[in-house]
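These are my notebook entries on one protein chain. I list what I looked up, entry by entry.

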Amino acid sequence: MRLYRPLAAVLGGIALTLTTATGSALAADGTFTWIGPKGKAYAIDSPPDGRCFDMAQEARGARNGTKKPLVVYTQKKCKGSARRLAPGRSAPESARFASVVFNPR
């Protein structure tokens with residue numbers, strides 16, 4: 001019984017570490033930024049991979065500060081003309097978009 005508790009604690013710690021490592025692997029580490037209404041800057045830290053996000057308001061000038069590619073679309077639901085941005089790249093400040101997907105498959 002004395003050995004059981006320390007062993008359980010070690011195994012629990014390993015499981016937590018693996019879960020945390022796997023969780024961050026499913027996100028585009030870094031920050032995605034854009035310009036919204038009235039020129040205000042907006043940002044999302046470590047956005048999840050593979051999900052399409054619709055912008056609730058005006059969005060332009062996308063900047064990919066993540067470590068994975070992303071695609072911005074001119075229409076909601078990731079439809080319309082697409083612009084792929086590699087890590088560290090930016091769209092022109094005047095380029096409007098209505099949705100974005102991080103690390104598309």
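Entry 1, burial and surface. I began with burial: 28% of the 105 residues of the protein count as buried. I kept in mind throughout that the model is predicted. For the surface, I noted that the protein exposes about 7000 Å², and that carbon and sulfur atoms supply 58% of this area.

Entry 2, fold elements. I then looked up the secondary structure, which comes to one helix and seven strands. Read from the N terminus, the order of the elements is α-β-β-β-β-β-β-β. I also checked the contacts between residues at least 6 apart in sequence, and 56% of them join residues at least 24 apart.

Entry 3, the disulfide. How many disulfides does the count come to? I found one. The bond joins Cys 52 to Cys 78, with an S to S distance of 2.1 Å. I read 105° about the S-S bond, and the link of Cys 52 and Cys 78 is right-handed. The pair links distant parts of the chain, 26 residues apart. Cys 52 belongs to strand S3, whereas Cys 78 sits in the loop between strand S5 (70-75) and strand S6 (79-85).

I next asked whether each partner is buried or exposed. Cys 78 has a relative accessibility of 18% and therefore counts as buried, the cut-off being under 20%. Cys 52 has a relative accessible area of 34%, so I recorded Cys 52 as partly exposed.

Entry 4, the hairpin of S5 and S6. The loop that holds Cys 78 led me to the strands on either side, S5 and S6. S5 and S6 run antiparallel and are joined by five bridges. Within this pairing, I located Leu 70 opposite Leu 85 in S6. The hairpin has three residues between the strands. Which sign does phi of Lys 77 take in this hairpin? I found that phi is positive, near 65°.

Entry 5, Asp 49. I turned lastly to an acidic side chain in another loop. Asp 49 lies between strand S2 (41-45) and strand S3 (52-54); S3 is also the strand of Cys 52. The relative accessibility of Asp 49 is 10%, so I entered Asp 49 as buried. With which side chains does the side chain of Asp 49 make polar contacts? I recorded a polar contact with the side chain of Lys 68 at 3.0 Å. I recorded a further polar contact with the side chain of Asn 103 at 3.1 Å.

Technical notes: Residues are numbered from 1 along each chain as its sequence is written. This is a predicted model: local features need pLDDT of at least 70, side-chain atom pairs count only at pLDDT 80 or more; totals for chains, interfaces and linings use all residues. Side-chain values use heavy atoms; hydrogens and water are left out. Helices (H or I, at least four residues) and strands (E, at least two) are DSSP runs, numbered from the N terminus. Buried means under 20% relative accessible area, exposed over 50%, partly exposed in between (1.4 Å probe, protein chains only). A polar contact is a pair of N or O atoms within 3.5 Å; within protein, one must be able to donate a hydrogen and the other to accept it, and residues adjacent in sequence count only if both atoms are side-chain atoms. A disulfide is a pair of cysteine sulfur atoms within 2.5 Å. Two strands pair if DSSP finds at least two bridges between them. Contact means heavy atoms within 4.5 Å. Accessible areas come from the Shrake-Rupley method with a 1.4 Å probe; for residues, only the protein chains shown count as cover.
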